[in-house]
Amino acid sequence: MRDRRRKTEVPLTTYQQLQLPREADAGLFRKVLLGLSCRNYEVCAEAVPEAFGLSSSSVSRRFIRASARQLQTLQERRLDRYDVVALLLDGKTFAEDSMVIALGITLTGEKVILGFVQTATENETVCAAFLRELVERGLRIEQGLLCVIDGAKGLRKAIQMVFGDHGIVQRCQWHKRENVLAYLPKGQRASVRRKLQAAYEQPTEEAAKRALGRLRQELRLLNESAVKSLDEGLEETLTLHHLGLFPQLGVSLKTTNCLESLNALLGQRTDKVDRWRTSDQKQRWLASALLDIEPRLRRIKGFRALPLLRTALHAELRGKVNLVASHAA
């Protein structure tokens, strides 16, 4: 505004307040995260009489500021307030990088985002450092932790290195099945898929092993490489069977599907970014999307059986301790 008598410019305090971040950042942050581009924000705002327009550069600066706070919140929040009984680990691709995400399942079935790490591959060194960070932030492992992974060797070694016997691994049955099928001609895959799926659906460990043994004999006539793929880590695909909880928890924890579903929701928020420029940008977007999704995540199916999982993990740990003691004696 201009004071014509004094011939001076008069700043409007209301306009200055609108230009400050404060509460405006939160609404703007949600709009950009859910799909409104920075370059279109001003046009969209001006189309609504009550709205206040901002330039694309202002929108970008505010989104960076808000998303940086989200990243800090996720990286620094304590984990000791969560009673985690299962841990799912899997990666999502951002350009040439993989972001390994850790999803915790609490004793009451809630899903909690524990954190993520940026890595080119799911290698042992990076994943071990990531797991140590989770423990340092309060992740409790002394009561045992069911770790559901896709079979990546780096992740498996990292779990053993950091959690030791307290990390009891359930290999993803879906990934195992797809790995085996990859060795077979397309005409043979449907039959083997049905038989492998039926074997894994057996309610007990003994029945599942019998069915897998029969399938293994059939595969030996078809492809020895497929047999080797089936044998690799096979026992760990039956961990829930071994613990006696496959009927109750198999739907939710026999695969990494909980994380695959989370990755699909992430894609709705991040796949629209057509150019990933820096590591900071990737991590801010991922943290922001994860914290936006987290309150909407539902409890896992079969959550009422999770106290039984805690008991079974205790028994498994005691059995390993007794075995070591007997060998020492």
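A residue counts as buried when its relative accessible area is under 20%. In this predicted model, that condition holds on both faces of strand 6. Leu 145, Cys 147 and Ile 149 lie on one side of the strand, and Leu 146 and Val 148 lie on the other. Every one of these residues is buried. Strand 6 covers residues 145-149, and 5 of its 5 residues are buried.

The chain as a whole has 329 residues, and 47% of them are buried. It contains 15 helices and 7 strands. About 17300 Å² is exposed, with carbon and sulfur atoms supplying 52% of that area. Among contacts between residues at least 6 apart in sequence, 67% join residues at least 24 apart.

Strand 6 pairs with two strands, considered here in turn. Strand 3 (residues 84-94) pairs with strand 6 over 3 bridges, in the parallel sense. In this pairing, Ala 86 has Leu 146 as its bridge partner. Strand 7 (residues 167-171) also runs parallel to strand 6, and 5 bridges join the two. Leu 145 is partnered by Gly 167 of strand 7. Cys 147 stands opposite Val 169.

Helix 6 (residues 153-163) belongs to a unit with strands 6 and 7. The three elements form a right-handed β-α-β unit. Strand 7 is mostly covered, with 5 of its 5 residues buried. Gly 167, Val 169 and Arg 171 point one way from strand 7. Ile 168 and Gln 170 point the other way.

Nonpolar side chains in soluble globular proteins tend to be buried together. In this model, the largest nonpolar core has 43 residues. Those with the most contacts inside this core are Phe 116, Leu 249, Leu 253, Leu 306 and Leu 309. Helix 14 supplies the largest share of the core, 7 residues. Another core, of 27 residues, lies apart from the largest one. Its members include Ala 102, Cys 127, Leu 155 and Phe 163.

Leu 253 touches residues from several parts of the sequence, leaving aside those up to four places away. Among them are Ala 86, Leu 146, Val 148 and Gln 170. Leu 253 also touches Leu 88, Leu 240, Leu 306 and Leu 309.

Helix 14 spans residues 279-293. Of its 15 residues, 13 are buried, so the helix is largely enclosed by the rest of the structure. Its length agrees with expectation: at 1.5 Å a residue, the helix should span 21 Å, and its end C-alpha atoms are 21 Å apart.

Technical notes
Residues numbered from 1 in each chain as written. Predicted model: local features only at pLDDT ≥ 70, side-chain atom pairs only at ≥ 80, totals over all residues. Heavy atoms only, no water. Helix = DSSP H or I, 4+ residues; strand = E, 2+ residues; numbered from the N terminus. Expected span 1.5 Å × (residues − 1). Buried < 20%, exposed > 50% of the residue type's maximum accessible area, 1.4 Å probe, protein only. Core = buried A, V, L, I, M, F, W, Y, C linked by side-chain atoms within 4.5 Å. Contact = heavy atoms within 4.5 Å. Pairing = 2+ DSSP bridges. Right-handed = clockwise from strand over helix to strand, strands pointing away. Areas by Shrake-Rupley, 256 points an atom, 1.4 Å probe, with all protein chains shown as cover.
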